[in-house]
Amino acid sequence: MTDDESVEYYTLLCDDPSHEVVLVGCGPRQKDVILALRKLTGLSLWHSRVLARQAPVIVLEGLGDCEAQSAVSVLRSAGAEAEWRAEPEERTAPSL
């Protein structure tokens, strides 16, 4: 490839980008949020508490659109401030 050539990347419309769930804050009901984290992640109670205290933190990665929205709604119903977003795509140069 010469300096004059450029590389273009395309995202196919049929590709469902993976999403991540971010715990932004616990809110006033920290105990309920810890229990929700335990339910979602399968972590122990102690690890869920540590994770909750590290907010803002990515809780889950590699989820589909519906799964991420569901996880966020579980956290929000427990009193947490949470959001889901598309994971950033890694752009790598093609091998020559």
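Two strands count as paired if DSSP finds at least two bridges between them. With that in mind, the tour may begin; the model on display is predicted.

**The whole chain**

Select the protein chain and colour it by secondary structure. Three helices and three strands appear, and along the sequence they follow the pattern β-α-α-β-α-β. Of the 96 residues, 27% count as buried. The accessible surface comes to about 6800 Å², and carbon and sulfur atoms account for 52% of that area. Among contacts between residues at least 6 apart in sequence, 72% join residues at least 24 apart.

**The sheet**

Next, select the three strands. They form an open sheet in the order S2-S1-S3, with antiparallel pairing. Strand S2 (57-63) and strand S3 (81-86) are the edge strands, each of which pairs on one side only. From one strand to the next, the twist averages 20 degrees.

Now restrict the selection to residues 19-25, which make up strand S1. S1 and S2 run antiparallel and are joined by four bridges. Which residue of S2 is the bridge partner of Leu 23? The partner is Val 57.

Add residues 65-77, which form helix H3, to the view of the sheet. This helix packs on the sheet and touches S1, S2 and S3. The direction of H3 makes about 170 degrees with that of S3.

**The nonpolar core**

In soluble globular proteins, nonpolar side chains tend to be buried together. To see the largest nonpolar core of this model, display the side chains of Val 21, Leu 23, Val 33, Leu 37, Val 59 and Leu 75, which have the most contacts inside it. The core has 20 residues in total. At least two of its residues come from each of S1, helix H1 (30-41), helix H2 (45-53), S2 and H3.

Centre the view on Leu 37 and hide its neighbours within four places in sequence. Which other residues are in contact with Leu 37? They are Leu 23, Gly 42, Ser 48, Leu 51, Ala 52, Val 59 and Leu 75.

**The salt bridges**

Finally, turn to the charged side chains, where the structure holds three salt bridges. Select Arg 85 and Glu 20, whose side chains meet in one of them, at 2.9 Å from N to O. This pair links distant parts of the chain, since Arg 85 lies in strand S3 and Glu 20 in strand S1, 65 residues apart.

Is Glu 20 buried or exposed? Glu 20 has a relative accessible area of 6% and therefore counts as buried, the limit being under 20%. Arg 85, at 36% relative accessibility, counts as partly exposed.

Keep Arg 85 selected and add Glu 83. These two residues also form a salt bridge, and their closest N and O atoms are 3.3 Å apart. Glu 83 counts as partly exposed because its relative accessibility is 33%. Glu 20, Glu 83 and Arg 85 are thus seen to be linked in a network of salt bridges.

For the last stop, select Asp 32 and Arg 29. They form a salt bridge in which the closest N and O atoms are 3.0 Å apart. Asp 32 is partly exposed, with a relative accessible area of 33%, and Arg 29 is likewise partly exposed, at 38% relative accessibility.

Key. Residues numbered from 1 in each chain as written. Predicted model: local features only at pLDDT ≥ 70, side-chain atom pairs only at ≥ 80, totals over all residues. Heavy atoms only, no water. Axes fitted to C-alpha atoms, helices over the stretch in contact; angles between N-to-C directions. Contact = heavy atoms within 4.5 Å. Core = buried A, V, L, I, M, F, W, Y, C linked by side-chain atoms within 4.5 Å. Buried < 20%, exposed > 50% of the residue type's maximum accessible area, 1.4 Å probe, protein only. Salt bridge = Lys/Arg side-chain N within 4 Å of Asp/Glu carboxyl O. Areas by Shrake-Rupley, 256 points an atom, 1.4 Å probe, with all protein chains shown as cover.
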